Amino acid sequence: MATAFALKKPQIKTELPGPKARSIIEADSQFVNPAYPRPAFKLVAQRAAGVWVEDVDGNLFLDCNAGVAVCSTGHCHPEVVAAIQEQAAQLIHMCGTDFYYRQMPELAEKLDEIVPVARPTKTHFANSGTEAIETALKLAMHATGREKFIAFFGSFHGRTLGSLSLTSSKIAQRIGFKRQALDVVHVPYPNDYRNPFSAEDCGDGGAAQGGLNWIENRLFKTTTPAEEVAAIVIEPVQGEGGYVPAPKGFLAGLRRICDEHGILFIVDEVQSGMGRTGKMFASDHYDLKADIVCIAKGIASGLPLGACVSRADLMDWKPGAHASTFGGNPVAIAAALKTIELLERELVANSAEIGAYLKSGLEKLKDKHNCIGDVRGPGLMLGVEFVTDRSSKQPDPELRDRVEMASFERGLILLGAGPNSIRWSPPLILNRENVDVALEIFDDAITSSR
Ligand SMILES: Cc1ncc(COP(=O)(O)O)c(C=O)c1O
């Protein structure tokens, strides 16, 4: 085992999936929820360390997905494991809804220091991204007495009924679930590569201005009175929608609109937060202060934890209004405190540095392969969009899928995002040598997939 992880390159020894993997996949298909949106390639993980994942048949993969942007400090970081073990030996659960323990205020105070929300803040602890979003939606309704929301096409905020009303990245997420539980209108997300707005909408302000005009000149003047909107909800870098960063000026414009109309600004940093973009939060790239921020995924290196952090004055609801049995479990919080310590010590900086190195390598591949239409994103939240050719920009989702599969067959774990992009969301401990190995495989996977 130790020897396998000491290797500097992936090692594929069996057909994929191998014999042990196949039997687990078979059992899974018999007993486990078939709605999990698993990709065409099948990875059955057994053990992992750092950026390496070993499957049940002894194949070794370089992980550039990190369990969908969760294992921020790498797999089983020794300091995180020690923090979890120590906490588990002392107190596993006490139910913060009814009792107290020191970890809750400790993490809430730390979040108060680092989140992109004007201080002072208060934090609700949840177990997942979608629960953090549910909290934000309830809080916005409670605090404003309003019930309409504005969200964006291509967004993903979760699959519980409230967050699902916002989510709009794939029809599969909606089909069969009837009308939206909440009153949400969707606006095209201003994507610089594929500007969805007309020249008239944009004026000379590009996609960002197009999006702002859409809200102020269309929504507010037709279907959606500004004074009835509780909140605007946005991912500063769209995740499941294809790793699309909001253009400069757009978030500041939304902030202005919110301030002018008493609308709350909810920023979903579930995927883009915790160092992923080379700053602690994607909002920090835009000098943005939200009213409410939602966090999950990378916050606890793989233990389930979500947080909804809001301006303290907004959280004046009464006991019983919102709470969770498991949310803010002491073991998950111990993992989060250690994760934040590691992020602040070195990993946010590493995300920025190695992200720039990876991005320049991907841009070189773009020069080489005409089927790469766009390389985008900050830090280690990078999207590569596949097209039939760069001049037509016609999306090529089949090619994207083939590249994803070919990378896997060569021992590189990558996952699609949006209709025709591949996301790079590796552990934030990735180093230059890992990048060189990954880019060589990716290059070869693209060549063989065309
Ligand atoms: C931006 C964003 N928000 C919310 C969620 C939902 O998180 P969870 O799957 O933990 O409920 C996700 C999950 O991918 C996400 O990317």
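1. Two strands are taken here as paired if DSSP finds at least two bridges between them. On that basis, 7 strands of this predicted model form an open sheet with mixed pairing, in the order β4-β12-β11-β10-β7-β5-β6. The strands at its edges are β4 (121–126) and β6 (183–187), each of which pairs on one side only. From one strand to its neighbour in this sheet the turn is 20° on average, with direction ignored.

2. Within this sheet, one pairing can be followed residue by residue. Strand β11 (residues 292–295) is antiparallel to strand β12 (residues 306–311), and 4 bridges connect them. For orientation, Ile292 stands opposite Ser310 in β12.

3. Which strands does α5 lie across? Helix α5 lies across β4, β11 and β12. Its direction is at about 125° to that of β4. The loop between α5 and β4 contains Pro120, and the peptide bond joining Arg119 and Pro120 is cis, with omega about 0°.

4. Helix α5 (residues 103–114) also packs on helix α11 (residues 330–368), at an angle of about 30° and with the axes 9 Å apart. Because angles under 35 degrees count as roughly parallel, α5 is described as roughly parallel to α11. The crossing of these two helices is left-handed.

5. The residues that make this contact can be listed from both sides. From α5 come Gln103, Met104, Glu106, Leu107, Lys110, Leu111, Glu113 and Ile114; from α11 come Pro330, Ile333, Ala336, Leu337, Ile340 and Glu344. Sorted by class, the contact of α5 with α11 has 9 nonpolar, 1 polar and 4 charged residues.

6. Helix α11 has a further helix partner. Helix α4 (residues 78–90) packs against α11 at an angle of about 155°, with an axis separation of 8 Å. Angles over 145 degrees count as roughly antiparallel, and α4 and α11 are therefore roughly antiparallel to each other. The crossing of α4 and α11 is right-handed.

7. On the α4 side, the contact with α11 is made by Glu79, Val80, Ala83, Ile84, Gln87 and Ala88. On the α11 side, the residues are Pro330, Val331, Ala334, Ala335, Lys338, Thr339, Glu341, Leu342 and Arg345. By class, the residues of the contact of α4 with α11 are 9 nonpolar, 2 polar and 4 charged. Pro330 is listed in the contact with α4 and also in the contact with α5.

8. A second sheet should be noted. In this open sheet, 4 strands are arranged in the order β13-β14-β17-β16, with antiparallel pairing. Why is one side of β13 and of β16 left without a neighbour in the sheet? Strands β13 (372–376) and β16 (415–417) stand at the edges and have a single partner strand each, so one side of each has no neighbour in the sheet. The twist from one strand to the next averages 30°.

9. The pairing of β13 with strand β14 (residues 382–386) is antiparallel and has 4 bridges. Ile372 has Phe386 in β14 as its bridge partner. Helix α11 lies across β13, β14 and β17 (421–424), and runs at about 170° to β13. Helix α11 thus appears in contacts with α5, with α4 and with strands of this sheet.

10. Two further backbone details deserve a look in the viewer. A cis peptide bond joins Leu16 and Pro17, with omega about -10°; Pro17 is in the loop between α1 (2–6) and α2 (19–31). Cys76 is a residue other than glycine with a positive phi, near 50°, and is placed in the loop between α3 (66–69) and α4.

11. What surrounds Ser169, apart from its neighbours within four places in sequence? Ser169 sits in the loop between α7 (161–166) and β6. With those neighbours left aside, Ser169 is in contact with Gly154, Ser155, Phe156, Glu240 and Gly241. Ser169 and Gly239 are 70 residues apart in sequence, and their C-alpha atoms are 9.4 Å apart in space. The side chains of Ser169 and Gln173 are joined by a polar contact of 3.2 Å.

Note on methods: Residues numbered from 1 in each chain as written. Predicted model: local features only at pLDDT ≥ 70, side-chain atom pairs only at ≥ 80, totals over all residues. Heavy atoms only, no water. Axes fitted to C-alpha atoms, helices over the stretch in contact; angles between N-to-C directions. Parallel < 35°, antiparallel > 145°, perpendicular 65-115°, else oblique. Left-handed = near helix turned anticlockwise from the far one by under 90°. Contact = heavy atoms within 4.5 Å. Nonpolar A, V, L, I, M, F, W, Y, C, P; charged D, E, K, R; others polar. Polar contact = N/O pair within 3.5 Å; in protein donor to acceptor, adjacent residues only side chain to side chain.
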